[in-house]
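Work through these exercises with the model open beside you. Try each task before you read its solution.

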Amino acid sequence: MSEATRQVLQWVAGLGPWAPAAFVLLYAAATVLFLPGLLLTLSAGALFGLAKGTLVVTLGANLGASAAFLLARGAARGWVARKLAGRPGLSAVDEALKREGWQVMLLLRLSPVVPFNALNYAAGLTALSLKDYVLASLLGMLPGTVLFVYAGTLAGDLARLSGGGRVRTRAEWALSLLGLLATIAAAALIAKRSKQALARRRISF
């Protein structure tokens, strides 16, 4: 974790009851700006725990994803179209979304091989409605969100997430890792099924 990122997250953590709202806005902004969200997702687990961390990441990611979708559909449509012009799978995605709507979008969200930030903008160029996009995104992002927020809870706080802090006992690590492995197994199964379903539809990204 870079020093700048750590300082921003520490500032958010110091906002007390306003920290969750600030984190949601931070995550949304990062999503719109094409910044990777993995570190923020892990940090949500360290800062807020599993339940609240999952909630703030879900809100932030979906707020940012919806903003990117609307930008691609409106003011930034030309720029997005030029940026994604070399994506051979975009036309196939558009056709599949016309036929099956939110179900295909859900599969795209569940698949680990589809880049999250690029899909946010690409979806705005398709015929998918905003309502179906939001519904599919909410459901499809949840397994991965739970997985990485849970991984962040293993650190316990930002100091340990960035490499410092108290070292956990062997028993603590064993119990925590057992839960993490179970979560990984569930997420991997979901991802595998979604990838197979997309392959049957001849969709790649």
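**Exercise 1. Is F34 buried, partly exposed or exposed?**

Solution.
- Start with the value: this is a predicted model, and F34 has a relative accessible area of 37%.
- Recall the cut-offs: buried is under 20%, exposed is over 50%, and partly exposed lies in between.
- F34 is therefore partly exposed, at 37%.
- Now place the residue. F34 sits in the loop between α2 and α3.
- Check its backbone too. The phi angle of F34 is near 65 degrees, which is a positive value in a residue other than glycine.

**Exercise 2. Classify how α2 packs against α3, and describe the residues of the contact.**

Solution.
- Find helix α2 at residues 19-32. Helix α3 covers residues 38-73.
- Read the geometry: the axes of α2 and α3 are 7 Å apart, and the packing angle is about 45 degrees.
- That angle makes α2 oblique to α3. The reason is that angles under 35 degrees count as roughly parallel and 65 to 115 as roughly perpendicular, so 45 falls in neither class.
- Give the hand: α2 passes α3 in a right-handed crossing.
- Sort the residues of this contact: 23 are nonpolar, 4 are polar and 1 is charged.

**Exercise 3. What span would a straight helix of 36 residues have, and what does α3 span?**

Solution.
- At 1.5 Å a residue, a straight helix of 36 residues would span 52 Å.
- Compare α3: its end C-alpha atoms are only 26 Å apart.
- Look for a bend along the helix. At G49, α3 bends by about 125 degrees.

**Exercise 4. Which way does α6 run relative to α7 and to α8?**

Solution.
- Locate the three helices. Helix α6 spans residues 102-110, while α7 is 116-123 and α8 is 130-153.
- Take α6 and α7. Their axes come within 10 Å and cross at roughly 160 degrees. That makes α6 roughly antiparallel to α7, because the cut-off is over 145 degrees.
- Take α6 and α8. Here the axes come within 8 Å, with a crossing of roughly 30 degrees. These two helices are therefore roughly parallel to each other.
- Add the hands. The crossing of α6 and α7 is right-handed, and α6 also passes α8 in a right-handed crossing.

**Exercise 5. T126 and L135: which class of exposure does each one have, and how far away in space are F69 and Q103 respectively?**

Solution.
- T126 lies in the loop between α7 and α8. Its relative accessibility is 7%, so T126 counts as buried.
- Set T126 against F69. They are 57 residues apart in sequence, but 9.8 Å apart in space, C-alpha to C-alpha.
- L135 lies in helix α8. With a relative accessible area of 38%, L135 is partly exposed.
- Set L135 against Q103. The pair is 32 residues apart in sequence and 9.7 Å apart in space, C-alpha to C-alpha.

**Exercise 6. How many helices and strands does the protein have, and what share of its residues is buried?**

Solution.
- Count the elements: there are 10 helices and 0 strands.
- Write the order from the N terminus: α-α-α-α-α-α-α-α-α-α.
- Finish with burial. Of the 205 residues in the protein, 42% are buried.

Terms used: Residues numbered from 1 in each chain as written. Predicted model: local features only at pLDDT ≥ 70, side-chain atom pairs only at ≥ 80, totals over all residues. Heavy atoms only, no water. Helix = DSSP H or I, 4+ residues; strand = E, 2+ residues; numbered from the N terminus. Expected span 1.5 Å × (residues − 1). Bend = angle between axes of the 7 residues up to and from the residue. Buried < 20%, exposed > 50% of the residue type's maximum accessible area, 1.4 Å probe, protein only. Axes fitted to C-alpha atoms, helices over the stretch in contact; angles between N-to-C directions. Left-handed = near helix turned anticlockwise from the far one by under 90°. Nonpolar A, V, L, I, M, F, W, Y, C, P; charged D, E, K, R; others polar.
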